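Hi everyone, thanks for making time this morning. I'd like to walk you through one structure, so have a look at it on the screen and then we'll go through it together.

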Amino acid sequence: MFNYKLVFGVDKLMHFAGFAGVSACIGLFILLIVDHQRARQHLSVVWITLVTIGIIEEYRQYFDPGRSTEFLDAIANIIGVTTGIAISLCLSYIIERRKKVLSMVFSLYTLVLIPLLFGLLYLNERPFLTVDEPILEKIRNLGALIGF
């Protein structure tokens with residue numbers, strides 16, 4: 001039987017979050033001080049270094065009486081480092097192509113935001129405006145036509 005608490009427990013989330021946070025902070029610092037062409041090389045060195053530290057740290061815990069050595073902790077460390085570096089790489093990509101990426105993100109955001117706002121207007125439980133019943137009926141009919 002598969003033990004979900006062992007694989008996805010709080011301990012693994014702490015390992016993941018810790019290494020993701022550290023690698024994202026180091027990656028952002030590298031993006032601030034290094035030009036964008038060389039940043040990827042530095043980020044790969046950071047990835048290799050932090051993954052090595054995460055694995056060696058699990059071996060070190062073997063000799064600490066209050067700690068335990070776990071293979072899945074090392075995997076959570078590796079996934080955390082990879083996630084943190086991926087965040088840095090995504091930010092690097094956005095910085096390099098900021099005009100194109102930001103316009104695309106803004107247009108996608110608008111396409112998602114407007115229907116969500118109309119949905120909230122339709123589902124609103126506390127009326128903030130007094131609306132005549134025929135207009136409210138038209139809005140409900142429009143919502144039914146759209147699929148709400």
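Let me start with a tryptophan. Tryptophan 47 is partly exposed, with a relative accessible area of 32%. Please keep in mind throughout that this is a predicted model. Tryptophan 47 sits in helix α3. Which residues does tryptophan 47 contact, once we leave aside its neighbours within four places in sequence? They are Val81, Thr82 and Ile85. You can also see this from the backbone: the C-alpha atoms of tryptophan 47 and glycine 84 are separated by 9.0 Å, although the two residues are 37 apart along the chain.

Now let's step back to the whole chain. The protein has 6 helices and 0 strands, and along the sequence the pattern reads α-α-α-α-α-α. Of its 148 residues, 22% are buried. The chain exposes about 11,400 Å², with carbon and sulfur atoms supplying 72% of that. If you take the contacts between residues at least 6 apart in sequence, 68% of them join residues at least 24 apart.

Back to α3, which runs over residues 36-61. At 1.5 Å a residue, its 26 residues should span 38 Å, and the end C-alpha atoms are 37 Å apart, which agrees. The buried residues in α3 are Ala39, Leu43, Val46, Leu50, Val51, Gly54, Glu58 and Gln61. What covers them? The cover includes α2 and α4. Here is a handy reminder for reading such a list: an α-helix has 3.6 residues a turn, so residues three or four places apart point the same way.

Next, α4, which covers residues 71-96. The 26 residues of α4 should span 38 Å at 1.5 Å a residue, and the end C-alpha atoms are indeed 38 Å apart. Its buried residues are Asp73, Ala74, Ala76, Asn77, Gly80, Val81, Gly84, Ile85, Ser88 and Ser92. The cover over the buried residues of α4 includes α2 and α3.

Let me pick out one of those, serine 92. Is serine 92 buried or exposed? Buried, with a relative accessible area of 1%, and the cut-off for that label is under 20%. Apart from neighbours within four places in sequence, serine 92 is in contact with Leu31, His36 and Arg40.

There is also a surface side to this story. Leu28, Ile87, Leu91, Tyr93, Ile94 and Ile95 form a nonpolar patch on the surface, and together they have about 450 Å² of accessible area. The largest share of the patch, 5 residues, comes from α4. Leucine 28, on the other hand, belongs to helix α2, residues 10-33. Leucine 28 is partly exposed, with a relative accessible area of 35%.

On to charges. Side chains of opposite charge can pair when their charged atoms come close. How many salt bridges does a search of the whole structure find? The count is 4. One of them joins glutamate 70 to lysine 12, with the closest N and O atoms 2.7 Å apart. Glutamate 70 lies in the loop between α3 and α4 while lysine 12 is in helix α2, so this pair ties together parts that are 58 residues apart in sequence.

Lysine 12 also forms a salt bridge with aspartate 73, at 3.1 Å from N to O. That pair links distant parts of the chain too, with lysine 12 in helix α2 and aspartate 73 in helix α4, 61 residues apart. Lysine 12 counts as buried at 7% relative accessibility, and aspartate 73 counts as buried at 2%. Glutamate 70, at 22%, counts as partly exposed. Put together, Asp11, Lys12, Glu70 and Asp73 are linked in a network of salt bridges.

Another salt bridge stays within one helix: arginine 60 and glutamate 57 meet at 2.6 Å, N to O. Both lie in α3, 3 residues apart, about one turn of the helix. Arginine 60 is partly exposed at 39% relative accessibility, and glutamate 57 is partly exposed at 26%.

Last stop, the aromatics. The count comes to 1 aromatic pair. The rings of tyrosine 62 and phenylalanine 63 have their centres 5.2 Å apart and their planes at 85°, so the pair is edge-to-face. Both residues, tyrosine 62 and phenylalanine 63, are exposed.

That's my tour, and I'm happy to take questions.

Key:
Residues numbered from 1 in each chain as written. Predicted model: local features only at pLDDT ≥ 70, side-chain atom pairs only at ≥ 80, totals over all residues. Heavy atoms only, no water. Helix = DSSP H or I, 4+ residues; strand = E, 2+ residues; numbered from the N terminus. Buried < 20%, exposed > 50% of the residue type's maximum accessible area, 1.4 Å probe, protein only. Contact = heavy atoms within 4.5 Å. Areas by Shrake-Rupley, 256 points an atom, 1.4 Å probe, with all protein chains shown as cover. Patch = residues over 30% accessible without salt bridge, like charges linked within 9 Å, V, L, I, M, F, W, Y side chains within 5 Å. Salt bridge = Lys/Arg side-chain N within 4 Å of Asp/Glu carboxyl O. Expected span 1.5 Å × (residues − 1). Phe/Tyr/Trp six-rings, centres within 6.5 Å; stacked < 30°, edge-to-face > 60°.
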